[in-house]
Structure formats: structure tokens, C-alpha cells
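Please open the model in your viewer and keep the sequence beside it, so that each residue can be selected as the tour reaches it.

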Amino acid sequence: MIEPTFHKNGRITLSTGNDPIIETATGYEKFWVSADLGQANDFSAVTMIRDRRVPFYATSTRQMLGPRERVVVYADRFRIASGAFPTSMWSGT
């Protein structure tokens with residue numbers, strides 16, 4: 001089995017061995033970061049999600065993308081200390 005190559009720009013490819021007849025498919029790997037800022041006594045939360053599709057060989061001459069995979073790689077909740085954000089920061093003064 002050929003292992004996929006993960007590139008720095010988020011692309012995922014499979015080697016073709018320089019065979020021009022192989023139909024290639026380029027997968028991807030993205031990371032999404034989300035934050036929810038709580039008010040007053042509410043918790044704030046942050047989450048990181050990995051979203052990717054990895055190519056595979058469907059036949060000896062054709063690559064296809066596998067199923068989309070979304071995985072939570074980090075999640076946490078916390079309280080923001082009172083006074084952490086000065087009010088003048090939001091009021092424009």
C-alpha cells in the first residue's frame with residue numbers, strides 16, 4: 001500500500017511513479033478553530049477541528065478521494081477573568 005504524502009500547504013497526494021496514465025486525485029487537510037466568548041458567569045470555549053479527505057487507489061490506474069473525515073483534536077472551556085478586557089477597548093474611548 002502506498003502511503004499518502006502530506007504537504008505543508010494542506011494538500012495530500014499519492015505517488016504515481018511518474019506513470020502518465022494514472023488519474024490522480026488531490027486530497028486536503030484543513031484545521032478549523034472556533035471560539036465562543038462567554039459573558040458574565042458563562043464559560044468561554046475554544047475548539048480545533050481537523051477536516052480532511054485522503055486519496056486512495058480505487059483501481060491500479062485511478063485514484064479517488066476517501067470519505068470526508070472531521071475530528072475534534074482539541075476542545076476546552078474556561079472562565080475569562082473579570083477585567084481581562086478593558087471596557088475602553090470596546091467603547092472606542
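Is Glu29 buried or partly exposed? Select Glu29 in this predicted model: with a relative accessibility of 22%, Glu29 counts as partly exposed, because buried is reserved for values under 20%.

Next, add Arg50 to the selection, whose side chain meets that of Glu29 in a salt bridge at 4.0 Å, N to O. Since Arg50 belongs to strand β4 (residues 44-53) and Glu29 to strand β3 (residues 27-36), this pair ties together parts that lie 21 residues apart in sequence. Arg50 itself counts as buried, at 18% relative accessibility.

Keep Arg50 in view and select Glu69, for the side chains of these two residues also meet in a salt bridge, here at 3.1 Å, N to O. Glu69 lies in strand β7 (residues 69-78) and Arg50 in strand β4, so parts that are 19 residues apart in sequence are tied together. At 31% relative accessibility, Glu69 counts as partly exposed.

Move on to Arg68 and Asp51, whose side chains form a salt bridge at 2.6 Å, N to O. Arg68 sits in the loop between β6 and β7 and Asp51 in strand β4, 17 residues apart, and the pair links these distant parts of the chain. Arg68 is partly exposed, with a relative accessible area of 46%, whereas Asp51 is buried, with 2%.

Finally, select Gln63, which is placed in strand β6 (residues 62-65) and is buried, with a relative accessible area of 4%. Its side chain reaches the backbone nitrogen of Ala25 at 3.2 Å.

Conventions:
Residues are numbered from 1 along each chain as its sequence is written. This is a predicted model: local features need pLDDT of at least 70, side-chain atom pairs count only at pLDDT 80 or more; totals for chains, interfaces and linings use all residues. Side-chain values use heavy atoms; hydrogens and water are left out. Helices (H or I, at least four residues) and strands (E, at least two) are DSSP runs, numbered from the N terminus. Buried means under 20% relative accessible area, exposed over 50%, partly exposed in between (1.4 Å probe, protein chains only). A polar contact is a pair of N or O atoms within 3.5 Å; within protein, one must be able to donate a hydrogen and the other to accept it, and residues adjacent in sequence count only if both atoms are side-chain atoms.
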